[in-house]
Amino acid sequence: MGVSGRMTERGAMMVSMAVARRVGVGVAVARRVGVGVAVALVAALALSVPGARAGTWVEISCVNPDGSAAPSQGWSPDAVGFPEAGSQQSVTCGPGVPMTASLSTSTPAPADTKEALEYQPPAGSTVIGGTLDVHLVATSTGPAPYDAVSAGAVFEPALADLPNDSVLVCSPLLQPCQSGTDTYTGGVSLPPNAGGDVFASAECLSQSGSGYCQQNPQDGAWSTAHVFWARLVLTTAALPQASNWSGGALQPRATGLAHVVFTAADAGGPGIYRADETLDGRTIYAGTPDTNGGACASVATDPTTGASMYDASQPCPAVENVDLPVPTTGLPDGPHDLAVSLTDAAGTTSPVLDQTIITYNPQTTPVPAGRRSLRARFVISWSWEGARTVLRSIKVSRLPRNGRVGVSCRGRGCPKLKVRSAGARRIGRLLRALTGKPLRAGDIVRITITAPGHRAERIELVVRNGAEPRARLLKP
């Protein structure tokens with residue numbers, strides 16, 4: 001394993017140390033003074049990504065910003081060489097319990113041995129930055145002239161030979177980490193747009209490929225790498241899409257509480273987080289169609305990038321069936337604009353529907369009670385906008401064969417009617433004369449139905465501003 005120059009003399013070690021410093025990334029140092037500090041560091045250690053953009057999200061590991069436990073999805077153990085018995089990697093973590101990779105002191109650690117923790121971003125996403133809170137310990141060397149030395153390191157994008165791809169290296173003589181010591185505690189900012197995987201490793205190094213790390217242990221290990229928490233900034237090119245449209249709202253006449261049904265998908269992305277639905281520009285639904293058991297809920301917003309933070313590798317469903325309500329009751333009958341957009345957990349929004357639908361919720365006039373009363377009923381379709389109202393269609397049922405219908409209108413917007421009354425046989429002509437005529441708020445249309453041997457039925461239609469006309473029966 002090469003480390004820039006032979007490590008057979010102290011002078012060579014100092015050269016290697018200078019090289020490692022040149023290739024390292026600047027890291028803000030913060031000492032751990034308790035578990036609570038790990039949580040507080042979220043604000044102090046800004047994620048190393050300049051500005052939020054669509055398709056960006058943050059995966060949290062081990063500890064959420066509020067101090068609650070988070071899983072370690074995406075992390076797995078890794079090893080290089082033949083670590084001795086007792087060496088370990090553990091991705092189990094939580095508040096106060098870090099993920100750990102260590103080289104055990106049960107036997108000397110052979111050169112070119114690594115115990116590591118590896119984070120692999122979810123398929124379709126790429127690491128573009130982030131912060132790890134780590135504790136690295138590397139105090140061990142081999143016998144003089146120190147051909148083997150221990151190291152604790154953070155790598156991205158690959159677990160490579162030092163100093164290649166190293167973000168931070170701690171090693172005796174090779175790279176003092178914190179205040180001239182071989183221990184580092186604090187935050188590590190990942191370089192922007194490095195891509196690949198992220199590693200935290202405990203190692204035994206040797207330029208000659210021989211020797212052992214076998215003296216100066218600490219905490220029962222030749223080398224240790226702890227990760228207390230991670231905030232990993234990810235980007236994705238996934239674009240939410242929709243297919244398989246159906247539902248009553250898309251039928252020729254949408255009535256009552258209709259629905260629009262479709263399949264939403266975010267292939268290669270963190271999943272469908274939100275659906276927004278508008279009718280004539282007014283929001284009628286905004287929410288998360290499927291919470292994915294609670295995982296599809298942002299635990300925080302990153303203060304630097306503005307990206308949503310989640311504690312799962314696939315926070316929201318990648319594919320789901322969505323059923324959105326479309327309340328048409330109380331709307332004017334006729335055309336309306338229905339629009340749907342989808343937003344994934346990375347903040348990418350796609351308009352997936354913008355379509356004209358036709359609503360039909362006709363008004364049925366009340367009928368009088370009583371044995372001698374006429375019980376004619378009119379079904380009227382209205383369309384209105386502000387003070388202007390149009391009767392789109394009108395039909396009558398239960399009109400006696402010898403019945404007669406008369407129509408009158410009072411108000412400034414009343415149209416001139418050429419036909420004002422008609423018998424049952426010619427009622428169609430009269431009703432057609434009423435359709436398509438604009439009325440104004442305050443106009444009153446009265447319909448009177450008469451037939452021999454029956455009390456007259458009088459219906460009053462009062463045109464209102466921005467609402468369906470009110471229909472009521474007048475007293476005999």
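The protein chain exposes about 20,400 Å², of which carbon and sulfur atoms supply 51%. This value, like those that follow, was computed from a predicted model. Of the 476 residues in the protein chain, 50% count as buried. The secondary structure consists of three helices and 31 strands. Among the contacts in the protein chain with a separation of 6 or more, 70% are accounted for by residues 24 or more positions apart.

Strand pairing was examined in two regions. In general, the strands of a sheet pair through backbone hydrogen bonds, in either the parallel or the antiparallel sense. Strand β7, which spans residues 125-138, pairs with β10 in the antiparallel sense, and seven bridges are found between the two strands. Within this pairing, L136 has Y184 in β10 as its bridge partner. Strand β10 itself comprises residues 183-189 and is mostly covered, with seven of its seven residues buried.

A second set of strands forms an open sheet in which four strands follow the order β23-β24-β25-β28, with antiparallel pairing. The edges of this sheet are β23 (363-364) and β28 (438-440), each of which pairs on one side only. Strand β25, covering residues 388-397, runs antiparallel to β28 and is joined to β28 by three bridges. At this junction R388 stands opposite R440 of β28.

The structure holds four salt bridges. One of the salt bridges is formed by D276 and R274, whose closest N and O atoms are 2.9 Å apart. Both residues of this pair are partly exposed: the relative accessible area is 21% for D276 and 32% for R274.

Two further salt bridges involve E460. In one, E460 is paired with R446, the closest N and O atoms being 3.1 Å apart. This pair links distant parts of the chain, since E460 belongs to strand β30 (residues 457-464) and R446 to strand β29 (residues 444-450), 14 residues apart. In the other, the side chains of E460 and R472 meet at 2.8 Å, N to O. Because R472 lies in strand β31 (residues 467-473) and E460 in strand β30, this second pair ties together parts that are 12 residues apart in sequence. R446, E460 and R472 are thus linked in a network of salt bridges. Solvent accessibility was also evaluated for the members of this network. E460 counts as buried, at 2% relative accessibility, whereas R446 is partly exposed, with a relative accessible area of 32%. R472 is likewise partly exposed, with a relative accessible area of 41%.

The acidic residue E59 presents another case. E59 is located in strand β1, which covers residues 56-61. Although buried, E59 has no salt bridge, and the nearest side chain of opposite charge, that of R231, is 11 Å away. The side chain of E59 is nevertheless engaged in polar contacts. One of them, at 2.6 Å, joins E59 to the side chain of Y119, and another, at 2.7 Å, is made with the side chain of S313. Beyond its neighbours within four places in sequence, E59 is in contact with Q73, Y119, P122, A230, R231, L232, L234, Y310, A312 and S313. R231 therefore appears among the contacts of E59 under the 4.5 Å heavy-atom criterion, while no salt bridge is formed by E59.

Several backbone features occur in loops. A cis peptide bond joins E156 and P157, with omega at about 10°. P157 lies in the loop that runs between β8 (148-155) and β9 (166-170). Positive phi values in residues other than glycine include those of D112 and N193. For D112, phi is near 65°, and this residue is found in the loop between β5 (109-110) and β6 (113-119). D112 counts as partly exposed, at 23% relative accessibility. For N193, phi is near 60°. N193 occupies the loop between β10 and β11 (198-206) and is exposed, with a relative accessible area of 56%. The residues of β10, by contrast, are buried in seven of seven cases.

Notes:
Residues are numbered from 1 along each chain as its sequence is written. This is a predicted model: local features need pLDDT of at least 70, side-chain atom pairs count only at pLDDT 80 or more; totals for chains, interfaces and linings use all residues. Side-chain values use heavy atoms; hydrogens and water are left out. Buried means under 20% relative accessible area, exposed over 50%, partly exposed in between (1.4 Å probe, protein chains only). Two strands pair if DSSP finds at least two bridges between them. Lys and Arg count as positive and Asp and Glu as negative; His and the chain ends are not counted. A polar contact is a pair of N or O atoms within 3.5 Å; within protein, one must be able to donate a hydrogen and the other to accept it, and residues adjacent in sequence count only if both atoms are side-chain atoms. Accessible areas come from the Shrake-Rupley method with a 1.4 Å probe; for residues, only the protein chains shown count as cover.
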